[in-house]
Amino acid sequence: MELNNRVREFRARDRLSQNELAQRIGASRQTIALIERGDYSPSVVLALKIAEVFAVTVESVFWINKEESEPDE
């Protein structure tokens, strides 16, 4: 399974830099870059903070993409 996100899209919509978003949620700019690239899955708390900044649901920002080859759980 892969966690996908729309963080970069929402940042562009709200005209926020990675650094500005990071400051608002108490993370580093590098963490935001890793999340956007899909190289890091944020904690539930961090995901909730990101969604709160954008005033959307967590599901609007993050979703799981199941690979077809994986069995259903």
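**View 1. Arginine 11, a buried residue of a predicted model.** With a relative accessibility of 11%, arginine 11 counts as buried, because buried here means under 20%. This value, like everything in these legends, comes from a predicted model. Look for arginine 11 in helix α1. Its side chain reaches the side chain of glutamate 36 in a polar contact of 2.4 Å. Leaving aside residues up to four places away in sequence, arginine 11 touches Leu16, Ser17, Gln18, Leu21, Ile32, Glu36 and Phe54.

**View 2. The buried face of helix α1.** Which residues of α1 are buried? They are Val7, Phe10 and Arg11. Viewed down the axis of α1, these buried residues fall within an arc of 105°, so they line one face of the helix. Several elements help to cover them, including the strands β1 (2-5) and β2 (62-65). The cover also includes the helices α2 (18-25), α3 (29-37), α4 and α5 (58-61). Following α1 comes arginine 15, with a positive phi near 55°.

**View 3. An aromatic pair between α1 and α4.** How many aromatic pairs are there? The count is one. The pair joins phenylalanine 10 and phenylalanine 54: their ring centres are 5.4 Å apart and their planes meet at 25°, so the pair is stacked. For this label, the planes have to be under 30 degrees apart. Phenylalanine 10 belongs to helix α1 (residues 7-14) and phenylalanine 54 to helix α4 (residues 44-54), so the pair ties together parts that are 44 residues apart in sequence. Are these two phenylalanines buried or exposed? Both phenylalanine 10 and phenylalanine 54 are buried. We have met both before: Phe10 is among the buried residues of α1, and Phe54 is one of the residues that arginine 11 touches.

**View 4. The two sides of helix α2.** Gln18, Leu21, Ala22 and Ile25 are the buried residues of α2. Around the axis they cover an arc of only 100°, which puts them on the same side of α2. What do these buried residues pack against? Their partners are α1, α3 and α4. On the face turned away from this buried side, you will find the exposed residues Gln23 and Arg24. Two of the buried residues link back to the opening view, since Gln18 and Leu21 are among the contacts of arginine 11. Just after α2 sits glycine 26, with a positive phi of about 75°.

Methods
Residues numbered from 1 in each chain as written. Predicted model: local features only at pLDDT ≥ 70, side-chain atom pairs only at ≥ 80, totals over all residues. Heavy atoms only, no water. Phe/Tyr/Trp six-rings, centres within 6.5 Å; stacked < 30°, edge-to-face > 60°. Helix = DSSP H or I, 4+ residues; strand = E, 2+ residues; numbered from the N terminus. Buried < 20%, exposed > 50% of the residue type's maximum accessible area, 1.4 Å probe, protein only. Arc of directions from axis to C-beta. Contact = heavy atoms within 4.5 Å. Polar contact = N/O pair within 3.5 Å; in protein donor to acceptor, adjacent residues only side chain to side chain.
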